[in-house]
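Let's take a walk through this fold, one piece at a time. Keep the sequence and the 3D view side by side as you read.

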Amino acid sequence: MSEYRTALSALHALETFGMRLGLENVTDYCAAAGHPERAWPALHVAGTNGKGTTAACLAALARHHGFRVGLYTSPHLVDFRERIRIDGLPISERDFVAMWDRVGPFAERRSMTFFEAGTLMAMEWFAERQVDVAVLEVGLGGRLDATNVVLPALAIVTNIALDHERHLGADLAAIAREKAGIFKPGVPALVGEAE
């Protein structure tokens with residue numbers, strides 16, 4: 001228990017680095033760690049409204065069909081471990097500590113953000129536990145979000161509205177471009193709203 005609290009405190013200490021959009025830290029970690037983000041097919045979900053629900057529904061659907069499913073969402077309600085789940089169960093305290101031990105030294109050296117480190121912990125755990133598929137909810141935007149290091153099997157952008165204009169742009173078109181940044185050539189894509 002004390003190891004978990006210590007690891008959780010160390011992760012929360014990264015909040016002092018604030019929010020930073022960009023892929024350099026996460027890309028560099030993944031390359032150094034043997035690409036845990038490539039160990040499983042990803043379903044990548046961005047958007048303003050409904051992305052958490054969409055991610056949860058995709059995970060439930062995959063589980064219903066017999067797949068071992070990783071799910072990474074944010075924020076959490078009570079405990080950070082809610083963000084990282086396999087087959088509906090949150091990462092254990094022991095596994096959380098193990099993932100922090102793996103990711104933490106790199107995250108601290110590189111002054112990573114709380115979200116970047118949490119994302120990498122999820123990716124590492126999903127790779128270690130050999131999930132059949134992982135559903136990743138974008139934290140903010142899409143194009144420069146830490147989750148956008150994956151080459152997904154499917155990319156989904158739910159409905160778009162004005163949100164985080166300071167970081168994503170002042171109008172719907174600019175925000176939509178940022179969220180559509182999760183779309184990759186040759187990867188099927190779905191949008192929640194068409195006009």
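**From the sheet outwards**

Start with E1 and E6: these two strands run parallel and are joined by 4 bridges. If you want a spot to look at, find Val45, which sits opposite Ile156 of E6. Bear in mind as you go that this is a predicted model.

Now zoom out to the whole sheet. It is an open one with 7 strands, in the order E4-E3-E2-E5-E1-E6-E7, and its pairing is mixed. At the edges you'll find strand E4 (89–90) and strand E7 (189–191), each of which pairs on one side only. As a general point, strands in a sheet pair through backbone hydrogen bonds, and they can do so parallel or antiparallel.

Next, go to E5. Strand E1 (residues 42–46) pairs with E5 in the parallel sense over 4 bridges, with Leu43 opposite Val135. E2 also runs parallel to E5, and again 4 bridges join the two. There, Val69 faces Val133 of E5, while Leu71 has Val135 as its bridge partner. So Val135 is a handy landmark, because it stands opposite Leu43 and is also the bridge partner of Leu71, in a strand that is largely enclosed by the rest of the structure.

How many residues of E5 are buried? The count is 5 of the 5, so the strand is largely enclosed by the rest of the structure. In a regular strand, side chains alternate between the two faces of the sheet. You can follow that in E5: Val133, Val135 and Glu137 point one way, Ala134 and Leu136 the other, and all are buried. Glu137 is worth a second look, as this charged residue is among the buried ones.

E2 (residues 69–72) can be read in the same manner. Val69 and Leu71 point one way, Gly70 and Tyr72 the other way, and all of them are buried. Unlike its parallel pairing with E5, E2 pairs with strand E3 (residues 84–86) in the antiparallel sense, over 3 bridges. Tyr72 has Ile84 as its bridge partner in E3.

Follow the chain on into the loop between E2 and E3, and you come to Thr73. Thr73 is buried, with a relative accessible area of 9%. Its side chain makes a polar contact of 3.0 Å with the side chain of Arg85. Thr73 also touches Ala55, Glu82, Arg83 and Glu137, among others.

Another loop residue to visit is Asn148, between strand E5 (133–137) and strand E6 (154–157). Is Asn148 buried or exposed? It is buried, because its relative accessible area is 7%, below the 20% cut-off. The side chain of Asn148 makes a polar contact of 2.6 Å with that of Lys184. Its other contacts include Leu23, His44, Arg143 and Ile182.

Finally, the helices. Helix H3 (residues 51–64) lies across E1, E2, E5 and E6, and runs at about 170 degrees to E5. Elsewhere in the chain, helix H1 (residues 2–13) and helix H4 (residues 93–109) have axes that come within 9 Å and cross at roughly 35 degrees. The crossing is left-handed. On the H1 side the contact involves Glu3, Tyr4, Ala7, Leu8, Ala10 and Leu11, and on the H4 side Glu93, Phe96, Val97, Trp100 and Glu108. By class, that makes 8 nonpolar, no polar and 3 charged residues.

Technical notes:
Residues are numbered from 1 along each chain as its sequence is written. This is a predicted model: local features need pLDDT of at least 70, side-chain atom pairs count only at pLDDT 80 or more; totals for chains, interfaces and linings use all residues. Side-chain values use heavy atoms; hydrogens and water are left out. Buried means under 20% relative accessible area, exposed over 50%, partly exposed in between (1.4 Å probe, protein chains only). A polar contact is a pair of N or O atoms within 3.5 Å; within protein, one must be able to donate a hydrogen and the other to accept it, and residues adjacent in sequence count only if both atoms are side-chain atoms. Contact means heavy atoms within 4.5 Å. Two strands pair if DSSP finds at least two bridges between them. Axes are lines fitted to C-alpha atoms, for helices over the stretch in contact, and angles run from 0 to 180 degrees between N-to-C directions. A crossing is left-handed if the near helix is turned anticlockwise from the far one by less than a right angle, and right-handed if clockwise. Lists of a residue's contacts leave out its neighbours within four places in sequence.
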